[in-house]
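Good morning, everyone, and thank you for making room for me on the agenda. I would like to walk through one protein with you, slowly, and I suggest that you keep the picture in view while I talk.

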Amino acid sequence: MSDKLWGGRFTTKAAEWVDEFGASITVDQQMAAEDLQGSLAHVKMLAKQGIISENDGQKIAAGLIDLQAQLAAGKLEFTVANEDIHLNLEAMLTANIGPVAGKLHTARSRNDQVATDFHLWLKHRLPHVLEAVSELQLTIVNLADEHAGTIMAGYTHMQHAQPITYGHYLLAYFEMLQRDYERFEFNQKHTDILPLGAAALAGTTFPIDREFVAAELGFEQIYHNSLDAVADRDFALEFLSNAAILMMHLSRMAEELILWSTYEFNYIELSDAFSTGSSIMPQKKNADFAELIRGKTGRTYGALMALLTTMKSLPLAYNKDMQEDKEQVFAVTDTILASLKVFTGMLQGLTVHKERMRASTERDFSNATELADYLANKGVPFREAHAIVGELVLTGLQTNTTLQDMPLAQLQQASPQIEVDVYEDLQADVAVNRRTSLGGTAVVNVKNEVARAKHILEQR
Ligand code: ARG
């Protein structure tokens with residue numbers, strides 16, 4: 001017989017290096033607290049239902065509580081020989097309280113046990129993720145508030161398009177993060193389901209009370225199909241997918257921070273605390289942390305792809321393939337929590353070069369649409385107006401003159417509808433402030449949206 005907890009039907013032992021390949025303890029020891037919590041709820045239920053005696057139940061519970069204390073004190077040492085966190089803790093319990101520990105696994109399998117631990121683990125961390133997203137949102141809103149009227153060039157195709165405000169730009173990220181927040185919030189619904197009681201795959205003959213266990217562990221719902229309970233990893237995939245989208249958002253903004261702190265743009269400057277120097281070039285100030293967040297987006301996508309691929313075509317119910325799930329989720333949790341924290345700090349210490357931002361709209365043609373709209377308002381068909389302004393832009397480029405610098409006579413030559421009031425419309429501030437359509441960049445809109453955003457955050 002092998003010395004494994006499941007070794008009854010085995011005659012020979014596996015080599016240590018083979019055990020090592022199959023073991024997950026190096027990863028799943030992160031779920032030690034959840035495993036003990038799940039076991040405590042289970043044993044309470046077993047005793048309450050008379051499946052084990054009150055006395056045995058108390059002995060086991062006391063042993064588990066003792067392990068909880070040892071875990072908190074950092075005193076537990078796990079071993080690969082015991083494969084995973086479940087078998088490690090059970091072996092420790094047995095060593096501490098003797099063979100009565102063996103009754104803990106009545107009406108339970110590692111399949112529903114691991115699923116329960118994993119659900120609990122994520123259920124406990126999602127609030128931290130939500131909090132970190134909120135923190136970043138708050139930082140963004142405060143910055144948007146400060147810069148509701150800071151004019152800058154808006155881009156499409158990386159070319160100057162129309163003037164906007166920096167506050168409006170920032171609120172675009174607030175909105176993206178708001179959807180990220182809602183996605184993680186929804187993720188809680190699918191994480192908050194109790195698998196325990198499904199046993200290996202088919203349920204159990206013991207008169208268990210799953211509602212009791214759910215209440216003990218604080219689960220909102222219970223899996224209603226035992227096969228689904230042990231085979232479902234959707235909640236983890238949702239989490240990874242939400243994380244991938246979140247990191248995609250962060251990487252876009254990180255890219256802009258990097259680009260905008262270049263000599264060429266010089267729109268912003270990152271604080272020293274969130275920049276690094278060069279070992280050879282003394283003048284350098286690199287946006288390393290923004291780059292690293294952009295870079296870590298890669299591993300986050302990788303984790304999603306890895307688990308999706310692991311789960312693809314897996315027949316029901318539990319398969320050992322699924323042991324690969326936790327490493328991805330644990331690593332991604334660390335990645336997004338750290339990235340959100342760094343991003344928040346980076347924005348809090350940001351210097352915004354308002355004058356430089358505004359100047360970017362002064363010698364360009366980002367007011368060309370204003371002139372076309374001006375003509376359209378005077379009854380010129382928009383397509384015709386577009387062509388007229390296009391020619392004026394061409395002339396401007398050739399003569400190094402902006403539209404607002406062209407004399408009225410020159411403008412009127414292009415179109416007699418143009419009058420002196422056109423110069424008003426050609427100012428970036430005016431262009432911005434006329435965009436009062438819902439969701440537009442006008443300062444009054446941005447201020448309203450800041451208030452709305454603050455209200456959303458206050459409701460949390
Ligand atoms: N370490 C395993 C995992 O993480 C626990 C479940 C093992 N169940 C089994 N039947 N081998 O998936």
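I will go from the domains to the ligand, then to the cores, and finish with some details of the backbone.

Please keep in mind throughout that what you see is a predicted model. The protein is divided into three parts, with domain 1 covering residues 19–106, domain 2 assembled from the stretches 111–146, 163–204 and 220–359, and domain 3 covering 368–458. If you take the centres over C-alpha atoms, domain 1 and domain 2 are 32 Å apart, and the contact between them takes 11 residues from domain 1 and 12 residues from domain 2.

Which helices supply the side of domain 1 that touches domain 2? Both α2, at 25–28, and α3, at 32–48, give at least two residues each to that side, and the largest share, five residues, comes from α3. When the residues on this side of domain 1 are sorted by class, there are two nonpolar, six polar and three charged ones.

Let me turn to the ligand, where these two domains come up again. The shell around the ligand draws at least three residues from each of domain 1 and domain 2. Among the residues that surround the ligand are Ser 24, Asp 28 and Asp 84, and also Arg 110, Asn 111, Tyr 318 and Lys 320. Helix α6, which spans residues 110–146, provides the largest share of this shell, namely three residues, and by class the shell has three nonpolar, three polar and four charged residues.

Helix α6 returns when we look at the interior. As a general point, nonpolar side chains in soluble globular proteins tend to be buried together. Here the largest nonpolar core has 103 residues, and those with the most contacts inside it include Ile 140, Phe 174, Ala 236 and Leu 257; to this core α6 gives the most, with 15 residues. Apart from this core lies another one, of 13 residues, among them Ala 368, Leu 371, Leu 403 and Val 422. To go back to Ala 236 for a moment, its contacts, leaving aside residues up to four places away in sequence, are Phe 118, Leu 122, Leu 307, Asp 325 and Val 329.

Now for the strands. β1, residues 151–156, and β2, residues 159–165, run antiparallel and are joined by six bridges, one of which pairs Thr 156 with Gln 159. The two strands form a hairpin with two residues between them, and in the turn His 157 has a positive phi of about 55°. Met 158, which also sits in the loop between β1 and β2, has a positive phi of about 65° although it is not a glycine.

Ala 107 makes a useful comparison, since Ala 107 is not a glycine either and yet has a positive phi of about 60°; this residue lies in the loop between α5 and α6. Are Ala 107 and Met 158 buried or exposed? Ala 107 counts as buried because it has 21 C-beta neighbours inside 10 Å, where 20 or more are needed, whereas Met 158, with 7 such neighbours inside 10 Å, counts as exposed.

One last backbone detail is the peptide bond from Leu 316 to Ala 317, which is cis, with omega near 5°, and Ala 317 belongs to the loop between α11 and α12.

Notes. Residues are numbered from 1 along each chain as its sequence is written. This is a predicted model: local features need pLDDT of at least 70, side-chain atom pairs count only at pLDDT 80 or more; totals for chains, interfaces and linings use all residues. Domain bounds come from an automatic or database domain assignment. Two residues are in contact if their C-beta atoms, placed from the backbone, lie within 7 Å. Helices (H or I, at least four residues) and strands (E, at least two) are DSSP runs, numbered from the N terminus. Ala, Val, Leu, Ile, Met, Phe, Trp, Tyr, Cys and Pro count as nonpolar, Asp, Glu, Lys and Arg as charged, and the others, Gly among them, as polar. Two strands pair if DSSP finds at least two bridges between them. A residue is near a molecule or strand if its C-beta atom, placed from the backbone, lies within 6 Å of it. A nonpolar core is a set of buried Ala, Val, Leu, Ile, Met, Phe, Trp, Tyr and Cys residues joined through C-beta atoms within 7 Å. A residue is buried if 20 or more other C-beta atoms lie within 10 Å of its own, exposed if 12 or fewer, and partly exposed in between; C-beta atoms are placed from the backbone.
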